Amino acid sequence: MDFNDVLTLRAGHGARAVLENNGLRPGDVGAMAGAAGGPKWLILSALDRYLFSDWLHRDGASQPIDLVGSSIGAWRFAAACERNDPASAIDRLEKAYLNQFYSAKPDRDEISGTVRAILDTFLTDAVRDGILGHPRFRLHVLTVRSRALTRTEARGPLMLGSGLGALGNAVSRDSLRWFFERVVFSRGRNGLRWADTHLGERTVQLTEANVRDAVYASGNVPLVMRGVVDPDGAPAGVYRDGGIVDYHIDQPLLAPDTQAPLVLMPHYDERLVPGWFDKRLPWRRPRHAANTLLIGPGPALRDRLVDRRVPDRKDFYRYAQRDDARLAAWQQAIDAGRLMRDAFIEFASCADPADHVKPL
């Protein structure tokens, strides 16, 4: 099967230039972007294992790599920081993620408790140690601090605040700052580049005392789960899903003069959506991902998925009280992801990778 049919390959102009000059080399990767998206990540688990256990270490590559993730992207990258066996840590995350079950009408407390249990299963001492001290991988966990009406857990005001945020965002993404502030929990204060600093660029040092809350907050969906209140070392407030502001991470991340200028983005989609509220705004296009290489599922891969779509959070409603059917669909995506991994191996080793990418 041709890798061009299995993969969607898109690159910003800077990333294309890197591919034209150097091919696709592990030593050129200076950052990785991990999108929010809940169960959608399952199609990437095989590729993640290969990248973090093998490919990123090839050809003597030893440069630091900033791992920038929101929501499940932060969870994936946290597991990948396990120093000795990242593949096993990703396995634990995958198995724990599959092993989540809910009652017919779960409330926020039930969902929050179940998600915390998934986190505690894979966030072992070895993973925490890697997050705080990996020799190459520097984790950056994207969250938002709630403002105005979104600071409450009361359902009515939180729905109103989120709705007003969505309406304002449809007019201008700048309006998100009235409702949410980006806060990044970082392994090191090494100066990631943000294109929209008015939405927030506050950095909080990741520590043993806040790493669990930070990773949990990054995937904390408003109205579905309860927010994280006053994590250690951070400004007081309620912290929620980083995907609200940075859904697919439309950001430069790296300085122009960096020696490793490529932002690698294993992705479950064919496009890059800046923020959560932009999902249904076709005019909201990426503007700051010049150095991003997006690797997503192509048509041949989607043909192997149930209804030709990757899993998503709505599956809990589609397959309500039919967990066997949901898990079968999710396993089908995991199996298809192995083809995605194999296609990436072929793409990465081809002589002319720039000829196979389309504009991002």
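**Exercise 1. Determine how the lining of the largest pocket divides by class, and locate its centre.**

Solution. The lining of the largest pocket has 24 nonpolar, 9 polar and 15 charged residues. Here Ala, Val, Leu, Ile, Met, Phe, Trp, Tyr, Cys and Pro count as nonpolar, Asp, Glu, Lys and Arg as charged, and the others, Gly among them, as polar. The structure is a predicted model, in which local features need pLDDT of at least 70, side-chain atom pairs count only at pLDDT 80 or more, and totals for chains, interfaces and linings use all residues. Residues are numbered from 1 along each chain as its sequence is written, and side-chain values use heavy atoms, with hydrogens and water left out.

Next, the volume of this pocket is about 1,300 Å³. Of its 48 lining residues, Val 221, Asp 312, Arg 313, Lys 314 and Tyr 317 are the closest to the centre. A pocket is an open set of points on a 1 Å grid over the protein atoms alone, where a 1.4 Å probe fits, with protein on both sides within 12 Å along at least five of seven lines; lining residues have an atom within 4 Å of a point. A volume is the space filled by probe spheres set on the points, which are joined across faces, edges and corners.

Finally, H6 supplies the largest share of the lining, 4 residues. Helices (H or I, at least four residues) and strands (E, at least two) are DSSP runs, numbered from the N terminus.

**Exercise 2. Identify the buried residues of helix H7 and explain why they lie on the same side.**

Solution. In H7 (residues 125–133), the buried residues are Val 127, Arg 128, Gly 130 and Ile 131. They share one side of H7 because they cover an arc of only 160° around the axis, taken from the directions from the helix axis to the C-beta atoms. Buried means under 20% relative accessible area, computed with a 1.4 Å probe on protein chains only. These residues pack against helices H4, H5, H6 and H9 and strand E4; contact means heavy atoms within 4.5 Å.

**Exercise 3. Describe the surroundings of Gly 34.**

Solution. Gly 34 lies in strand E2 (residues 29–34). Its relative accessible area is 0%, so Gly 34 is buried. Not counting residues up to four places away in sequence, Gly 34 touches Val 68, Gly 69, Ser 70, Gly 73, Arg 76, Phe 77 and Ile 249. The C-alpha atoms of Gly 34 and Leu 264 are 9.1 Å apart, although 230 residues separate the two along the chain.

Conventions. Buried means under 20% relative accessible area, exposed over 50%, partly exposed in between (1.4 Å probe, protein chains only).
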